[in-house]
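Hi,

Here is the structure I said I would pass on. Have a look at it first, and then read on for what turned up in the packing and the charged pairs.

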Amino acid sequence: MSSLMIVGTAHVIDLSFPLERVIREFHPDSIALELDRDRWFALQSQSQNSGGPFFLRILSSIQKHLGESFGSSPGSEMLVAGKIARSLGAEINLIDKPILPTIMDAWKNMPWIELRRIINDIIFSFIGRGDSDFSSSMVTGDFTKELKQFSESYPVIKRHLIDRRDTYMAKNLVKLFRKNNQSRIVAIVGEGHVDGMAQKLSTLNPKIVRLSDLLSRKENTVSF
């Protein structure tokens, strides 16, 4: 039986009920969150930091807008997981890199062609000319097409924001298992991190619960 379960989520969809159910069914000793200490404290205090580079502020604004549209604040699934951990007496472990330095590194190393694409994509999204398939993906939880396009259009950004964080979080999970060999750990991460982390942790034979699995639960609804 696997001692690790990786759960893919979306930060702007209300997943409270199915997320609680899959976590409790696994009976974890520890719940690992795709957060660093600063983001965890900010979520609990409901504070928003408006500082940082233009790129970060734009992403934060778009994520906030999506959260309001889908009835869930950015990061709400992490708060739900934290509450479940406390109710189970499980440890809460923060396994992600500090996000601001990570984004700053991506910003500084971003080639001009990727910067232009970001600006164009943001403009098109605000005037209603974005990918019409995105709403469908938000319902099904299948972002395969979007992740493939992101990888092709923004390889440098992907390396900094996804690939390196996959490695960082996977290493932290291995450290948690070495700390306690009998642990049963649930890792709550964005859907875009699931494949990369599962591959890096393949020797642990993790159980994978995808965003589409959570959304397929009849009790969960997405409101437009």
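A contact here means heavy atoms within 4.5 Å. Keep in mind that this is a predicted model. With that cut-off, Leu-19 touches Val-7, Thr-9, Glu-77, Val-80, Ile-84, Ile-188 and Leu-214, leaving aside residues up to four places away in sequence.

Leu-19 also shows up in the largest nonpolar core, which has 27 residues. Along with Val-7, Ile-23, Leu-33 and Ile-188, Leu-19 is among those with the most contacts inside that core. Quite a few elements feed into it: strands S1 (4–9), S2 (30–33) and S4 (185–190), plus helices H1 (16–26), H2 (37–45), H4 (76–88) and H11 (211–215), each supply at least two residues. H4 gives the most, with 5 residues. There is also a second, separate core of 15 residues, including Met-169, Ala-170, Leu-176 and Ala-187.

Now the charges. Searching the whole structure gives 11 salt bridges, and three of them are worth a click.

Start with Asp-36 and Arg-39, whose closest N and O atoms are 2.5 Å apart. Asp-36 counts as buried because its relative accessibility is 6%, and the cut-off for buried is under 20%.

Next is Asp-96 with Arg-165, where the closest N and O atoms are 2.6 Å apart. This pair links distant parts of the chain: Asp-96 sits in the loop between strand S3 (91–94) and helix H5 (99–109), while Arg-165 is in helix H9 (residues 155–179), 69 residues apart. Are the two partners buried or exposed? Asp-96, at 4% relative accessibility, counts as buried, and so does Arg-165 at 7%.

Those two pairs also belong together: Glu-34, Asp-36, Arg-39, Asp-96 and Arg-165 are linked in a network of salt bridges.

The third one is Arg-210 with Asp-195, at 2.3 Å from N to O. Arg-210 lies in the loop between strand S5 (207–209) and H11, and Asp-195 lies in helix H10 (residues 191–200), so this salt bridge ties together parts that are 15 residues apart in sequence. Here the partners are partly exposed: Arg-210 has a relative accessible area of 28%, and Asp-195 has one of 47%.

If you only open one view, I'd pick the network around Asp-36 and Asp-96, then go on to Leu-19 and its contacts.

Cheers

Definitions and conventions:
Residues numbered from 1 in each chain as written. Predicted model: local features only at pLDDT ≥ 70, side-chain atom pairs only at ≥ 80, totals over all residues. Heavy atoms only, no water. Core = buried A, V, L, I, M, F, W, Y, C linked by side-chain atoms within 4.5 Å. Buried < 20%, exposed > 50% of the residue type's maximum accessible area, 1.4 Å probe, protein only. Helix = DSSP H or I, 4+ residues; strand = E, 2+ residues; numbered from the N terminus. Salt bridge = Lys/Arg side-chain N within 4 Å of Asp/Glu carboxyl O.
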